[in-house]
Amino acid sequence: MLWQDSCKMSARTAQIRFVSSHFEVYEPCDDSFALVDALLADRINLLEHRPTVCMEIGCGSGYVITSLALMLGQEAHGAYYLATDINPHAVRVTRETLEAHGVHAEVITTDIASGLERRLAGLVDVIVVNPPYVPTPEEEVGCDGITSAWAGGENGRSIIDKILPVADNLLSDRGWMYMVTLTANNPSEICLQMREKGYAARIVVQRSTEEESLHIIKFWRDFDSQVEANEMVTTNRAAPTRIVESMLSQFPRLPFWKYGNDSCN
């Protein structure tokens, strides 16, 4: 029974052996698997959400957007999938990964969503993003090739802080965003920034490796959060950070597991 469940879950994610690669493109790793596991953990909610437009910012190998399209499948009939990456090699590799799995997404070479914001403003129901979150010297941010996949500048926040307002513009009134963050990124501060824009947040998956502690945070529009955040800022500017940190510590956390993508042929 457990083997059958594992096979079913595996069929809902991209198969590693069919994921295309290039030496200048970030390959699926712990953060990619954690993000896909977060989507799988929330799959029933995603299906009930009935998204019409799903978007990945920074698609890399295409593992995540392909997995999202597979796990929603025909049950999300009519959903439109879109992926962007600043690395043209990643765009080509993502297209190959999608084709190898028999699913389709529009894949565009652009910086975050440059050139798409007017077209997609307020229309995206689901955004997934595994941003460049590794703390690096600022001069590495935006470099060509694979460096663009991880170089996050000071505290790993340079690209994340650019993505947040873009995501706010793109997300529909019922929009959700799933984002990978590192402890060094100060996720409580990220949650506060989004809270001030009117978003609630929840940790869907948390995982610690030998090198890093990852949080996959789900954000969704919540007017009450915006009102509460504005009131807190008015009364005590120091309070919001403490409150959000407390909120993060109490989020329900689902255990991390990595499906054996190649175990069910």
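How do the helices α2 and α4 lie relative to each other, roughly parallel or roughly perpendicular? I opened with that one, and α2 and α4 turn out roughly parallel to each other.

**Ground rules.** I'm working from a predicted model, where local features need pLDDT of at least 70, side-chain atom pairs count only at pLDDT 80 or more, and totals for chains, interfaces and linings use all residues. Residues are numbered from 1 along each chain as its sequence is written, and side-chain values use heavy atoms, with hydrogens and water left out.

**Overview.** I get 10 helices and 7 strands for the protein; helices (H or I, at least four residues) and strands (E, at least two) are DSSP runs, numbered from the N terminus. Of the 265 residues, 52% are buried. My cut-offs there: buried is under 20% relative accessible area, exposed over 50%, partly exposed in between, with a 1.4 Å probe and protein chains only. I also looked at contacts (heavy atoms within 4.5 Å). Among those between residues at least 6 apart in sequence, 76% join residues at least 24 apart.

**α2 and α4.** Back to my opening pair. The axes of α2 (residues 30–41) and α4 (residues 63–72) come within 10 Å and cross at roughly 20 degrees. Axes here are lines fitted to C-alpha atoms, for helices over the stretch in contact, and angles run from 0 to 180 degrees between N-to-C directions. "Roughly parallel" covers angles under 35 degrees; over 145 is roughly antiparallel, 65 to 115 roughly perpendicular, and the rest oblique. This crossing is right-handed, the near helix being turned clockwise from the far one by less than a right angle, where anticlockwise would be left-handed.

Who meets whom? From α2 I listed S32, F33, L35, V36, L39 and L40, and from α4 Y63, V64, S67, L68 and M71. By class that gives 9 nonpolar, 2 polar and no charged residues. I count Ala, Val, Leu, Ile, Met, Phe, Trp, Tyr, Cys and Pro as nonpolar, Asp, Glu, Lys and Arg as charged, and the others, Gly among them, as polar.

**α4 by itself.** How many residues of α4 are buried? I found 9 of the 10, so α4 is largely enclosed by the rest of the structure. Among them are I65, T66, A69 and L72. The buried residues of α4 pack against α2, α3, β1, β2 (80–85), α5 (88–100) and β4 (124–129). Right after α4 comes G73, with a positive phi near 50 degrees.

**α7 and α8.** Next pair: α7 (residues 158–170) and α8 (residues 187–196) pack at about 20 degrees, axes 11 Å apart. I noted these as roughly parallel too, and α7 passes α8 in a right-handed crossing. I160, D161 and L164 of α7 make the contact with I190, Q193 and M194 of α8. That set divides into 4 nonpolar, 1 polar and 1 charged.

**Positive phi.** Most residues other than glycine have a negative phi, and I pulled two non-glycines with positive values. R50 has phi near 50 degrees and sits in the loop between α3 (43–49) and β1 (53–57). I112 has phi near 65 degrees, in the loop between β3 (106–109) and α6 (117–120). R50 is exposed at 60% relative accessibility, whereas I112 is buried at 11%.

**Cysteines.** I looked for disulfides (cysteine sulfur atoms within 2.5 Å) and got 0. C59 is buried at 4% relative accessible area, and C191 is buried at 2%.
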